Protein chains: 2
Amino acid sequence: MSLARPGPRALSRRLILSKQQFRNYAAPGEGSIPASKRKYVPTSGTYPLGFKVGTAHVGVKPSNTRFDDLALIAAEDPCSAAAVFTTNKFQAAPVTVSSEILKRRKGNGIRAVVVNSGCANAVTGKAGIEDAEAMAKKTDECFIKDNNGEDDGRGSRTLVMSTGVIGQRLPIEKITSKLPAAYFNLGGTHDHWLSAARAIMTTDTFPKLLSRTFTLPSTGDRRYHIAGMTKGAGMIHPNMATLLGIMCTDVPIDPYPLRNLLLSAVKDSFNSISIDGDTSTNDTVAILANGAAGGKVISTTDASDPDYAAMEEILTDFSIDLAQLVVRDGEGATKFVAIRVTGARSYSDAKKVANSIARSPLVKTALYGKDANWGRILCATGYAEGVRSVEPSHTTVSFVPQDGSPELKLLVRGEPETVDEERAAKILEQEDLEIRVRLDDSGGHEAEGLGDFEERKHEAVVWTCDFSHEYVTINGDYRT
Amino acid sequence: MSLARPGPRALSRRLILSKQQFRNYAAPGEGSIPASKRKYVPTSGTYPLGFKVGTAHVGVKPSNTRFDDLALIAAEDPCSAAAVFTTNKFQAAPVTVSSEILKRRKGNGIRAVVVNSGCANAVTGKAGIEDAEAMAKKTDECFIKDNNGEDDGRGSRTLVMSTGVIGQRLPIEKITSKLPAAYFNLGGTHDHWLSAARAIMTTDTFPKLLSRTFTLPSTGDRRYHIAGMTKGAGMIHPNMATLLGIMCTDVPIDPYPLRNLLLSAVKDSFNSISIDGDTSTNDTVAILANGAAGGKVISTTDASDPDYAAMEEILTDFSIDLAQLVVRDGEGATKFVAIRVTGARSYSDAKKVANSIARSPLVKTALYGKDANWGRILCATGYAEGVRSVEPSHTTVSFVPQDGSPELKLLVRGEPETVDEERAAKILEQEDLEIRVRLDDSGGHEAEGLGDFEERKHEAVVWTCDFSHEYVTINGDYRT
């Protein structure tokens, strides 16, 4: 594979993908998954060595009398771990507790991630903190009984996550009483992983699970694995959302580089998706690396290190694919839309504009209505705050169909095109769409006092979906 | 009346109101206005001296074969004028043109405002600018024929506004050909004013018109008048929205103080409402002051000048009432919600938090669903960007019913209350609601290292509505 680090990962991505297993998307034989989403659920996978997952039924929501809602992701040996948490000032208790655990352990010696759905344990005060700590402690105890997770004086080895309604206490005794059952159920098969991905769902309509195998430059043919699951269908916006993500790999990576790799991957993936602009109290994306596949340890954050560079691309690509599954399952979504903003003076400018478009209820309802109302795209471009790159006379907006047919220009350098509405309507019939906003369209006249076009090299992509009646239905009646 | 200038306008507002006419809300006998909104449409009014308004049917939207969609607001003599425009970088042509006209005339000698609905003349390039200029010029010509609006070498005397779909050219010849008809129809009756308020509607379900009479300290019993109309039901967010507002008064005010008075009034009114977080290309709020009622000219911006201070309060109160009509008519809205944030370190902090809550699709769908999901309020409080005033342990959230019944506390100093859900549901059945977020709730323990509570004196209110299925329907299918 290519060892060079191209700015956008595009080039060598193809090379990496060619070494990865094909993802096998098909119906998992569960009637409750909408037919249109079954293709996103894998029927098989190859999972990282040394990890096991298990689930149990707690009934966190009293109305749930049947489905597993507790998941345990466990490593046979202590792992390096890193996590990225919500920027919301009202951090949920599991966020506070997991963040503390990682700090105290400096990312070393983590054994497990325990997750419940049905209740977010958010805005639950001191009692909520105690509940989250109890979840971690009870999980630790399972391992201690196993004689392989002794107390080393640095506290819990378990990261805790919760997702669901805000402001209600966890039924903590029910949860801790079922933790041994989840531990007992641990296993490494595809079905185990899929059950766990299912147990962390809330309004998700399908479990989100991916796995891949890959190689690294310094270790030749040694095969490494990464697997990940995620959930989240509403309250999704950069930084990050009611979004949980757990990734496990058997590559040996030290905690510090692992943290850098995760930050870099999350920026272009979990922090580049938006369902509704709401950033939740609970978002957490965590990664565990146990080194079980052996080989050279990644111990540097030097981008010129071939293994580090390769791992950064692999993790970023994998995270993008995981994060996109969340958008595919956006609450009430009927569309999957990439907002690509190019020609900005900075990445931050490009991303602010893309986010502004992705958040606009008017853009999102127009997409739902299959209305080529590009004026609303322009409008959202124009009100993005704190952006220096937008000048109407250099702004060009297109629909880029994802079926390979040519781009449809809607506005060129601030002037509207005569749009073939029939073609626009056909493009909007498709589920996938790219909206491309070029901020540096000089029309070939760079000379006209626009000497700064050289600087306009930055681009950002945000993935989003439309706003439908169903979004309102789901969120107008979520707690009942 | 009180001449002191209390910080919040609350105190002397009552005194001013007692001198104002009662607004007479009743059905105007037009079947198409929803029954629940008829109370907001006045059946009579007392209008400023020296202003006349007229309308005509153009059919800007070809589907409109019947309703007047062109309005002319005209002064018999040249006026002082001021306007506030959108902050969107994609300024519509009428915004550019009106702003130029005001600059060139330094706010002097304005004779008219001409408004069309059905097409926003936004993102229409140079041709759109020419169209807007043609609208102004044709209006000027009506007055010149009248021998009372001669060209003084400082250009047009007409402000132009357009509202409707973005990115389409105006049918400018149809419009200019109907301008003489609107001019011919000018008159000063309540019906004239109401027809004009109706002609500027787009998705509005009712015309928004208010009028008042008042006195000023220095002129004793001399009666002054103010009248205003506004439109806008979607794409509404601070700074300002597809929102047009036109106010006329017969108080004599010089252009410079008039501009300051307008800026001050807009901050607490038109810039404190949010329907969907979208800021449009066209928003304009303009005021014309012709001095026709005589008396002392307001020529200072000195807040200690009794007339200036009184006028600031009157205009702010009047603007708040006008702006609230827009929220009452929010697209698909079933609720009228005041978000009041108190105890912030700055007005900016308070307003950012209030805006963040007002924009959250999750808060808005919960309000629609009558779901006391206050966790979402907290969540939106926590992700407000660039705010220093939010600390979970000092944050208290309540529902304040507007029927006079006691406040319902939902969260006290970061800890959830045991909420009487039945009472919460009852409160949410009501159309009007205040959500109060206190950021300085120390629980009486200021001593505990919280010495800065003294500074926490700032508050802001933003008015908003809920997000309903109907919002999606209206905006998914707006252009057809």
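How many residue pairs are in polar contact across the interface of chain B and chain A? There are eight, counting pairs where both residues sit at pLDDT 80 or more. That confidence score comes up because this is a predicted model.

So what does chain B bring to the meeting? Several elements each supply at least two residues to the side of chain B that touches chain A: α3 (125-145), α9 (361-368), α10 (374-382), β13 (415-416) and α12 (469-476). The top contributor is α10(B), which gives seven residues. Sorted by kind, the residues on this side of chain B look like this:

| Kind of residue | Number on the side of chain B that touches chain A |
|---|---|
| Nonpolar | 24 residues |
| Polar | 23 residues |
| Charged | ten residues |

Charged residues are there, then, but the count of salt bridges between chain B and chain A is zero.

Now for the extent of the interface. The size of an interface is often given as the accessible area lost when the parts come together. Here chain B and chain A bury about 4700 Å² between them, and 59% of that is on carbon and sulfur atoms. In terms of residues, 57 from chain B are in contact with 57 from chain A.

Those matching numbers lead to the symmetry. Turn chain B by 180°, with 0.0 Å of shift along the axis, and it superposes on chain A with an RMSD of 0.0 Å. That is the relation of a two-fold axis. Within chain B, H469(B) has the C-alpha nearest the axis, 2.6 Å from it. Both copies use the same surface, too: 100% of the contact residues of chain B recur in chain A.

Key. Residues numbered from 1 in each chain as written. Chains lettered and ligands numbered in written order. Predicted model: local features only at pLDDT ≥ 70, side-chain atom pairs only at ≥ 80, totals over all residues. Heavy atoms only, no water. Contact = heavy atoms within 4.5 Å. Buried area = accessible area lost by both parts, 1.4 Å probe. Salt bridge = Lys/Arg side-chain N within 4 Å of Asp/Glu carboxyl O. Polar contact = N/O pair within 3.5 Å; in protein donor to acceptor, adjacent residues only side chain to side chain. Helix = DSSP H or I, 4+ residues; strand = E, 2+ residues; numbered from the N terminus. Nonpolar A, V, L, I, M, F, W, Y, C, P; charged D, E, K, R; others polar. Least-squares fit on C-alpha atoms with pLDDT ≥ 70 in both.
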